[in-house]
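Here is a friendly walk through a protein model, with its sheet as the main stop. Keep the structure open beside you as you read.

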Amino acid sequence: MIKGYSRIDSPKHGISMYLNMLKQNVKPDNYTFPFLFKCFNRDVGFSCGKELHGHVVKFGFGSNAFVQNALIHFYSLCGEMEMARGVFDVGCKKDVITWNVIITGYNRLKQYEETCKLFGEMEKNGMVPTSVTLVSLLSACSKLRDMEVGHRVHKYIKKCEIEPNLILENALMDMYAACGEMDVAVGIFGQMKTRDVISWTTIVSGFINKGEIDLARSYFDQMPERDYVSWTAMIDGYIRVNCFKEALVLFRQMQASNIRPDEFTMVSILTACAHLGALHMGEWIKTYIDRNKIKNDVFVGNALIDMYFKCGTVAKARRVFCEMPRKDRFTWTAMIVGLAINGLGEEALDMFCEMLRASIKPDEITYIGVLCACTHAGLVKEGRKFFASMTSEHGIEPNVTHYGCMVDLLGRAGHLQEACEVINNMPMQPNPIVWGALLGSCRVYKDVEIAEMAAKKILELEPENGAVYVLLCNIYASCKRWDSLHELRESMTRRGIKKTPGCSLIEMNGVVHEFVAGDKSHPQSEEIYMKLDNMSRDLKLAGYSPDTSEVFFDIGEEDKESTLYRHSEKLALAFGLISSGPGVTLRIVKNLRMCVDCHGMAKLVSKLYDREVIVRDRTRFHHFKLGSCSCKDYW
């Protein structure tokens, strides 16, 4: 009866039967306790199990191998590896099953170093491992990326002529793939007599981890069958290399293949939607999660918050946050960063205070969000205070990113000399991002001297950084330093450095449309340019005058205006207006910083056409409504 209850995971009935057995003076034997312990899991029965351990000793079964194994398994399931190890160490009769149980326990609790140490002890004790032992060891080596122990295990397999089986070969491949040794992994894959979906997915994941996405896709396309794990791995691979549109296309193919995604797939797809600003698709994913009862855990919640913020939909991000039954540090951090980049700096700081009141300890990333909030809201005094409190209140030493945030905060507020002092007093070498923050501030305040110094420092670290040349060109152009600009342009030509073309994305009816500056490849190109002409006329009647200060060509004003006219965000804006009904919010994602002219034009469009326009550029969000922007022209 106890055995039967253990099979149906009914610990209470099993214990009740055991107590009745004792009441009737029936003594347990060496089979009783293993079946009783098998009933328990981490959630049920730790205190009861400890009491049963006392009964084991009382009835003289402490040295019985079956009972020992059951005890070790029980304690490891409850997360009590010290207790499990205690039973293992005092055991007299350790067979290979005992070793397997303790090794599996360490792996279950991710204590992989202990697993690898046990392999050395097994060798010293002359214990011959089974294929189960070897698979567990290889799994630990894979997680640790421990090539040395993994290679020892492989040599042992060859030396002892252990008959390879599918599970063992998959584990070997996984270990080599995790350690980046794809040549060896592919060699094992090629020699396998039988392969399953795990074998193929291991190779696909291995190439993804090495950044060789095309090779990964090649193996993925050859797979005779694919499960949700292999689809998710390939989708995640595209996201890692910023191929977000490809990730969405693959997800649609996954659905067409009738493969049900899990919560990990959903997180990957929401990440793609966030980067593309694809709100329509993101909303569809949320509905899909709810309808199909896919596990909506804290990771999915965090991904939803991130997606809504990156699509500029602050209210819905807040709603997801409020409805989450469990929040972790990343949840709070996502809220702080999201509010900050959407121009709600003071609300972001309120959220940080609420986080502290909830006794959630902030980390380095949280403080990046806090300092970004101060930067976007121009809160210099508060930024200085929070920067100091990182160390004094939470023991977090500022890293180079935090210093970059401080330089950005001070620079944007016009404190360029203080920003330089922060850089000079950094305990580590400033990186291009820190110098770039200073250079960006020089553009706003037209400080050519500091700009040239900052640009020189960046180019010493990154000689091919085209964005630096472009930003310095903009500064020279705005200051009408045409000789310096021509000299810099010639230097760019000699070095073969080209300006990164502006690119803007806009989602319409679930489809992401991409525009580059001067683009005429879109099927509706003729209509787009016609709308652009009409917009230009309407806006000029409303007082719009093109701002050519950032056009770094010494050419006539008319030619400068023509250059501005073809900017990618203007094309996306025109397309949005002809493709949507009145009152529909237009959401655009731009790969570069939004120029002054496009910013001014978007403000007028929001007023003249009564549309809310949300643009996410490289640094922040711009919410245009009724002729004004959330950034208060501070970007």
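Which residue in S3 does Ser504 stand opposite? Ser504 faces Lys590 in S3. Before going further, a word on the source: this is a predicted model, in which local features need pLDDT of at least 70 and side-chain atom pairs count only at pLDDT 80 or more, while totals for chains, interfaces and linings use all residues. Residues are numbered from 1 along each chain as its sequence is written, and side-chain values use heavy atoms, with hydrogens and water left out.

**The whole protein**

The protein has 34 helices and 6 strands; these are DSSP runs numbered from the N terminus, with helices (H or I) of at least four residues and strands (E) of at least two. Its C-alpha trace spans about 100 × 55 × 50 Å along the principal axes. Of the 635 residues, 51% count as buried, where buried means under 20% relative accessible area, exposed over 50%, and partly exposed in between (1.4 Å probe, protein chains only). The accessible surface (Shrake-Rupley method, 1.4 Å probe) comes to about 30,700 Å², and 52% of that belongs to carbon and sulfur atoms. Among contacts (heavy atoms within 4.5 Å) with a separation of 6 or more, 63% are between residues 24 or more positions apart.

**The sheet**

The 6 strands make an open sheet with mixed pairing, in the order S2-S1-S3-S4-S5-S6. At its edges are strand S2 (511–516) and strand S6 (628–629), each pairing on one side only. Two strands count as paired if DSSP finds at least two bridges between them. Strands of a sheet pair through backbone hydrogen bonds, either parallel or antiparallel.

Strand S1 (residues 503–508) runs antiparallel to S2, joined by 6 bridges. S1 also pairs with S3 in the antiparallel sense, over 3 bridges. Here are the residues of S1 that can be followed across to a neighbouring strand:

| Residue in S1 | Stands opposite |
|---|---|
| Cys503 | Val516 in S2 |
| Ser504 | Lys590 in S3 |
| Glu507 | Val512 in S2 |

How much of S1 is buried? The count is 6 of its 6 residues. In a regular strand the side chains alternate between the two faces of the sheet. In S1, Cys503, Leu505 and Glu507 are on one side, Ser504, Ile506 and Met508 are on the other, and all are buried.

Helix H17 (residues 263–276) lies across S1, S2, strand S3 (586–590) and strand S4 (613–616). H17 runs at about 105° to S4, an angle between N-to-C directions on a scale from 0 to 180 degrees, with axes fitted to C-alpha atoms.

**Turns and loops with positive phi**

Most residues other than glycine have a negative phi. In the hairpin of S1 and S2, with 2 residues between the strands, Asn509 has a positive phi near 55°. Lys446, also not a glycine, has a positive phi of about 55°. Lys446 sits in the loop between helix H27 (432–445) and helix H28 (448–461), and is partly exposed at a relative accessible area of 47%. Leu626 has a positive phi near 50°. Leu626 belongs to the loop between strand S5 (621–625) and S6, and with a relative accessible area of 61% Leu626 is exposed.
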